[in-house]
Amino acid sequence: MTTRTAWPENVIARYLTVGGATVDLTYQLTVHNPPQPYATLAKCMGCPAAEERSHYRTYYSSGGFVSDTVEEHEPDAADAQARTWAQAHAATCRALPKPSA
Ligand SMILES: [Zn+2]
């Protein structure tokens with residue numbers, strides 16, 4: 001079977017697994033208006049595996065004072081990690097894609 005389904009609108013990247021399923025990358029959106037992406041989600045469509053990487057990282061100073069923590073917005077880093085996970089999972093996952101309704 002070689003039919004290809006159209007990508008859902010919110011899918012930013014898609015990896016084909018060795019089993020023929022896909023690992024889809026999407027942004028997790030906040031409930032704010034307008035919605036803001038706060039994490040990148042890599043989800044396998046063939047098995048329950050999924051990996052979520054937050055776009056926000058908290059850095060702690062070496063001094064250990066709570067007031068010195070800094071929250072950075074790093075969506076690119078989260079994307080890169082999610083893509084790495086998706087690629088690694090796609091290379092090993094042998095689950096078959098669920099039949100589409
Ligand atoms: Zn999988």
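Modeller: Before we begin, a residue is called buried when its relative accessible area is under 20% and exposed when that area is over 50%. The model we are discussing is a predicted one.

Biologist: By that cut-off, is cysteine 44 buried or exposed?

Modeller: The limit for a buried residue is a relative accessible area under 20%. Cysteine 44 has a relative accessible area of 2%, and therefore cysteine 44 is buried.

Biologist: Which residues are the protein donors of the zinc ion, and what is the arrangement of the donor atoms around it?

Modeller: Cysteine 44 is one of the donors, through its SG atom, and with it come Cys47 (SG), His89 (NE2) and Cys93 (SG), at 2.0 to 2.3 Å from the zinc ion. Four donors count as tetrahedral if all angles lie between 85 and 135 degrees. Because the angles subtended by the 4 donor atoms here run from 105 to 116°, the arrangement is tetrahedral.

Biologist: How are the donor residues of the zinc ion spaced in sequence?

Modeller: The donors are, by residue, Cys44, Cys47, His89 and Cys93. Written as a pattern along the chain, their spacing is C-x2-C-x41-H-x3-C.

Biologist: What is the order of the strands in the open sheet, and which are its edge strands?

Modeller: The open sheet is built from 4 strands with antiparallel pairing, in the order 1-2-3-4. Two of these strands pair on one side only, and the edge strands are accordingly strand 1 (11-16) and strand 4 (50-54).

Biologist: By how many degrees are neighbouring strands of this sheet turned against each other on average?

Modeller: Leaving direction out of account, the average turn between neighbouring strands of this sheet is 20°.

Biologist: Which helix packs on the sheet, and what angle does its direction make with that of strand 2?

Modeller: The element packing on the sheet is helix 1 (residues 75-92), which touches strand 1, strand 2, strand 3 and strand 4. Taken against the direction of strand 2, the direction of helix 1 makes an angle of about 155°.

Biologist: How many bridges join strand 1 to strand 2, and which residue in the turn of their hairpin has a positive phi?

Modeller: Strand 1 and strand 2 run antiparallel and are joined by 5 bridges, with leucine 16 and threonine 22 as one pair of bridge partners and alanine 13 and leucine 25 as another. The hairpin made by these strands has 5 residues between them. Most residues other than glycine have a negative phi. In this turn, the residue with a positive phi, of about 100°, is glycine 20.

Biologist: Where is threonine 26, and which residue is its bridge partner in strand 3?

Modeller: Threonine 26 belongs to strand 2 (residues 22-29), and its relative accessibility of 13% means that threonine 26 counts as buried. Beyond its neighbours within four places in sequence, its contacts include Asn10, Val11 and Ile12, as well as Ala39 and Thr40. Strand 2 and strand 3 pair in the antiparallel sense over 7 bridges, and the partner of threonine 26 in strand 3 is leucine 41.

Biologist: Which peptide bond is cis, and where is proline 34 found?

Modeller: Most peptide bonds are trans. The bond from asparagine 33 to proline 34, however, has omega near 0° and is cis. Proline 34 is found in the loop between strand 2 and strand 3.

Biologist: Which residue in strand 4 stands opposite alanine 39?

Modeller: Strand 3 (residues 37-44) is joined to strand 4 by 5 bridges, and these strands run antiparallel. Opposite alanine 39, in strand 4, stands serine 54.

Biologist: How many residues has the largest nonpolar core, and which element supplies the largest share of it?

Modeller: The largest nonpolar core has 11 residues, among them Ala13, Leu25, Ala42, Ala90 and the zinc donors Cys44, Cys47 and Cys93. Strand 1, strand 2, strand 3 and helix 1 each supply at least two residues of this core. The largest share, 3 residues, comes from helix 1.

Biologist: Is glutamate 71 buried or exposed?

Modeller: Glutamate 71 lies in strand 6 (residues 70-73), and, apart from its neighbours within four places in sequence, it is in contact with Tyr56, Arg57 and Thr58. Its relative accessibility is 56%, so glutamate 71 counts as exposed.

Terms used:
Residues are numbered from 1 along each chain as its sequence is written. This is a predicted model: local features need pLDDT of at least 70, side-chain atom pairs count only at pLDDT 80 or more; totals for chains, interfaces and linings use all residues. Side-chain values use heavy atoms; hydrogens and water are left out. Donors are N, O and S atoms within 2.8 Å of the metal (3.2 Å for Na, K and Ca); water is not among the atoms, so sites may look incomplete. Four donors count as tetrahedral if all angles lie between 85 and 135 degrees; four count as square planar and six as octahedral if opposite donors are over 155 degrees apart and all others between 65 and 115; anything else is irregular. Buried means under 20% relative accessible area, exposed over 50%, partly exposed in between (1.4 Å probe, protein chains only). Contact means heavy atoms within 4.5 Å. Two strands pair if DSSP finds at least two bridges between them. Axes are lines fitted to C-alpha atoms, for helices over the stretch in contact, and angles run from 0 to 180 degrees between N-to-C directions. A nonpolar core is a set of buried Ala, Val, Leu, Ile, Met, Phe, Trp, Tyr and Cys residues joined through side-chain atoms within 4.5 Å.
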